[in-house]
Every structure is written in C-alpha cells, then in structure tokens.
Amino acid sequence: MSLPSFSPADLDAVADRWNLDPELVGRLGPAIDRMRDVYGRVRDLATEGRAPEPPPVAVTRVPRGPDNPHGAWLYRIDDPDRSGSGPLAGRTVTVKESVAVRGVPMTLGSRLMEGFVPGSDSVVIGRMRDAGAVVLGTSVCEDLCYSGSSFTSAHGPVGNPWNPSRSAGGSSSGAAVLVATGQADYGVGTDHGGSVRNPAAWCGILGLKPTYGLVDYDGAMPTERTLDHIGVLTRDAADLVAFLEATAVPGPYTEGYAQEVTGLRAGVLVEGFGWPGRSDPRLDDVVRGAARALEKLGLTVSEVSVPLHRYGRDIHLPISIEGGLTTVFESRLQGNNHGGPYHPNFGETFGQAVADRPEDIPVGGVLALVGATLLRDATHGKVMAYAQQLRQRLREQIDRALCEVDLLVLPSVPMPPHPLPADPREAVIETDLPFEMHDNNCVFNLTGHPALSVPCGFVDGLPVGMLLVGRPGDDARLARVAAEFAERVFRCPPPPHHDLTGSQR
C-alpha cells in the first residue's frame, strides 16, 4: 500500500465536501503531509518482520449442476483435514462465504471481493476445528449480505430444496440448503436481521441466533457491530449444544440442555402474528397450533404482548443503515471506535474495489449507501439516536414479558418462501422481496435475546418455522424445547429426493 502525495486539487475537493474555507484547507497542506508521514511509519512498524500470509489451500469452485443443483456450494476444500479429535470430531461444516476460512476465497457473495483469500480462520471456525469438526468448504450468500432472500448473490440464486423455483431465504442461503439436504452437519452463518433464521424457516431446519456476544464475531463480515451475530444451522437440537460448548464463552450448556421442560411457561407473542400485507394466515395458524402443542411437553401456554415489537423493523432500519454506512463503506468493513480486532488486508481489498469498481456494489448496497447518506445528513444522526432510545425501550418490554413467561413463541417468518424473481435487480428496486421476511427476526438482533427457528409444519408443501425466544443465556434451554418438540410433536422430514445423508435418490 503506497501513500500518495495530496495535490491542491485533492485539498480543494475535501474543502468542497465539508463546505470548508478552501484557502484555509490549502494552507494546511504541510500539516497534512506530516500526518501522511506518520501513517507511513505506522504502516512500516506494523508490517516489519511480519510472517508472509499462508498460501491458499486447494479448493474446487463448485458449478451449478448435478452435484450442486440448488447453487448452494461455492468452494469445496479438496482435502479437508479429518484427523481432529474432540466433541465435534467428524462433524462436517459448511461456512457462509462472509465468514473467514483460512486459505479459501472469501467473496461475500460479491464481485467486489474476488481474489481475496483470508490468511486465518475466523474465531468460530478455529474453535470448531479445535473441537474436531471437518470444514468441507464455503457456501453461497447474498451479495454483501444485503438481502434476506436468496436471489442477489453474484454467484446466482440459491433455490429452495423443497421447491427450487422458490427462495431458500438468506442471507445464509447456501449453508441452510446444504444442511437441509444432509450435505453438512453444521452451517455457520451470520445474522444481522434474521439471516440465519430466515433460511432455517424456509428450508425446514433449526437456526439459532445465540445471545448477543456469546459466540465471537471476529473474522466475519461486519455490517453493524451491535446487531451482528454468528449463527448456526443444524438438523438436530443436540448439535446446537455441542456447537455452543465448542465455540461460545464458557457456560453450562450441557447442563441447561439436560433440564426438563415440564413447567416452563410459553408466551405466544400476539404482535408477531397478522402483519398487514405480509402475514399468510395459514402460516399463522400453523404456528399457533404448534404453540398449543407445547402443552404436550408439559409447558403452559398463554398470550403475551410486547407493543413495540410491531415497530421493531422500523427501529432496526436507521441503526442498521447508518451503522452500515460507517462500518461497511466509510471504514471499509473495519468499523471504528471499538477495541478490535481489525483486519487490514480485508479492509484494503474492499476499499480498493469500491474505489475502482463502484459499479460492482450490489443494488441493495447502493440503496443502503445512498439512503443512509441522505438521511443521516438530513437528520444529523438524530433519528438514529431516537431509534437507539426506542431500542432500549423495546428490550425492556421484552425483558418484562420474559418475567411473566420463560420463552416467547411467534412465527420465524410471516410468509412461505416466495418465487425467485425473473429479474433480481428489478426485484430489489421495485419490490420488498429482499426484506419482507424480517418483521419478527430483526427485533431480536436489536435486543440480543437468543432466538431459535424450529420447523413446525408446512404450508403448500413448504416448511414453516416457529421462533422460540428466551432470556439472555437461555440458548440451551431453547434447544431442549426444540428437541422435545421434534421428538413428540413434529420432526421435519428431509426435502424431496434427499435422504438424511444428502445422497440424491
């Protein structure tokens, strides 16, 4: 990375951008040059004696075809290490391409990051390897993760395993499909507003967004650090507990999972149903029926209310887009004003690509970039600050509800999977397809509560997800309820033409 000299024209451009006195800015040229020299010394100090990046591992780009019919795989590792021992020994993992796997290209579903290869694992993947897991490769995600559906990736759409003409959900789309079809035991993804739970619901598997901060986010693409979570997709609830034991901050996960569910109180969250213009009443009925069926497990079921839940998506938007403006675009995927870690090569690659090839920014990213810039400048961040205040009130309302009951129950996603659009770009511009599914899920990114999508039935032959939400740290308890539900009420079968090992019939 070279540090350029700044011309008078460069200084004039900055003065114009910030509406400053150009004469004053011009006179500051020598002081700016001294700052540039400091930047050079910091760069030299940080890179002196640093070991070279490890070489890429041998991978195969998996084309759409008989071995990848839904377009879910991105890269498969040619010779994955199967020699590990530990609690996850032999368990297979596919990783959303927004989560770093050492030596494997990490494109974020985008043309912008073509050629970038991380030199180290993300924390979550490193811990899974240490526990004996076998990392098979990476799976397709939405372009820069700016969609909750599965049609914006630069690699092409990801089809639903129950009906390939419909969305698999996103943005962790490929990981969900590979788990649902038995091609991996675990799918590791990121969840900013539902990006693990959306595809879990639409693909008929379990999707956990853990309690905020429980699983280290380092090494995954950040969007807005107070909303970002590592999430996990599985077919079996016990696997969730093994994942937490291996990757999360130390806690009594196995002990929590072993506790009986009899006597727990489930609260059906009334504001999670009947979204005007979005909820499918048949799906609402399936989830209400599943909630009543919790009584078969020994739970008591009643209704609870969280009035601000109905405004969660509105509260989420200013925080998400203004945080994303700062984190993704202005600080080049690094964020700032936090204690790190930071990843210089990651940020440089993205920043250079945005500067050189702005036409490769996905239309969803352009929407967020332009909208956040205009609205932040128009409001000077005041509405975002209001949203943060409302966020605290929302969290308090949910905490009060979770004093009355032990867990909340509501639909994961208000509607069944929509058809994949013929023109993905126009669908982002003209419709709400990339974001329509976020109403319920995004609330718990705001509040940080653990939220688990559990398969609970079908509408038109497509899976329906029931969302279980608990108190912070109750992740294992939610997994136990899910296990009991699968054992005694409903266990989702594999998608058509797939057995439980993923081999095609």
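Me: I take a cavity to be a set of points on a 1 Å grid where a 1.4 Å probe fits but cannot get out, and lining residues to have an atom within 4 Å of a point. Which residues line the largest cavity?

Reply: This is a predicted model. In it, the largest cavity is lined by Gly-256, Gln-259, Glu-260, Val-261, Leu-264, Arg-477 and Arg-480.

Me: What volume does the largest cavity have, and how does its lining divide by class?

Reply: The volume is about 40 Å³. The lining of that cavity has 3 charged, 2 polar and 2 nonpolar residues. A search of the whole structure for cavities of 30 Å³ or more finds 1.

Me: Back to Arg-477. Which residue does it form a salt bridge with?

Reply: Asp-474, with the closest N and O atoms 3.8 Å apart. Both residues also belong to one network of salt bridges with shared partners, which takes in Arg-265, Asp-406 and Arg-471 as well.

Me: Is Asp-474 buried or exposed? And why does Arg-477 count as partly exposed?

Reply: Asp-474 counts as buried, at 18% relative accessibility. Arg-477 counts as partly exposed because its relative accessibility is 23%, and buried means under 20%.

Me: Where do Arg-265 and Asp-406 sit in the chain?

Reply: Their side chains meet in a salt bridge at 3.2 Å, N to O. Arg-265 is in strand 10 (residues 265-269), while Asp-406 is in the loop between helix 13 and strand 12 (407-411); the pair is 141 residues apart and links distant parts of the chain. Asp-406 is buried at 8% relative accessibility, and Arg-265 is partly exposed with a relative accessible area of 31%.

Me: How many salt bridges does a search of the whole structure find?

Reply: 24. Another of them pairs Asp-432 with Arg-313, the closest N and O atoms being 2.8 Å apart. Asp-432 is in the loop between helix 14 (424-430) and helix 15 (441-447) and Arg-313 is in helix 10, so this pair ties together parts 119 residues apart in sequence.

Me: Change of topic, pockets. What volume does the second largest pocket have, and which residues are closest to its centre?

Reply: The second largest pocket has a volume of about 680 Å³. It is lined by 36 residues, and the closest to its centre are His-316, Leu-317, Ser-320, Ile-321 and Phe-435.

Me: Which element gives the largest share of that lining?

Reply: Helix 10, with 9 residues. The elements that give two or more residues to the lining are helix 10 (312-330), helix 12 (363-379) and strand 7 (186-191). By class, the lining residues of the second largest pocket are 16 nonpolar, 14 polar and 6 charged.

Me: Which residues make the nonpolar surface patch?

Reply: Val-366, Val-370, Leu-374 and Leu-375 make a patch of about 340 Å². Val-370 is in helix 12 and is partly exposed, with a relative accessible area of 43%.

Me: Now the backbone. Where are the cis peptide bonds?

Reply: One runs from Gly-170 to Ser-171, with omega near 10°. Ser-171 is in the loop between strand 6 (163-167) and helix 5 (173-180). Another runs from Gly-340 to Pro-341, with omega near 5°, and Pro-341 is in the loop between helix 10 and helix 11 (344-356).

Me: What is phi of Leu-108, and is Leu-108 buried or exposed?

Reply: Phi of Leu-108 is near 60°, positive in a residue other than glycine. Leu-108 counts as buried, at 0% relative accessibility.

Me: And what about phi of His-380?

Reply: His-380 is not a glycine, but has a positive phi of about 55°. His-380 lies in the loop between helix 12 and helix 13 (382-404) and counts as exposed, at 73% relative accessibility.

Note on methods. Residues numbered from 1 in each chain as written. Predicted model: local features only at pLDDT ≥ 70, side-chain atom pairs only at ≥ 80, totals over all residues. Heavy atoms only, no water. 1 Å grid on protein atoms, 1.4 Å probe; cavity = no way out; pocket = protein on both sides within 12 Å on 5 of 7 lines; lining within 4 Å. Points joined across faces, edges and corners; volume = space filled by probe spheres on them. Helix = DSSP H or I, 4+ residues; strand = E, 2+ residues; numbered from the N terminus. Nonpolar A, V, L, I, M, F, W, Y, C, P; charged D, E, K, R; others polar. Patch = residues over 30% accessible without salt bridge, like charges linked within 9 Å, V, L, I, M, F, W, Y side chains within 5 Å. Areas by Shrake-Rupley, 256 points an atom, 1.4 Å probe, with all protein chains shown as cover. Salt bridge = Lys/Arg side-chain N within 4 Å of Asp/Glu carboxyl O. Buried < 20%, exposed > 50% of the residue type's maximum accessible area, 1.4 Å probe, protein only.
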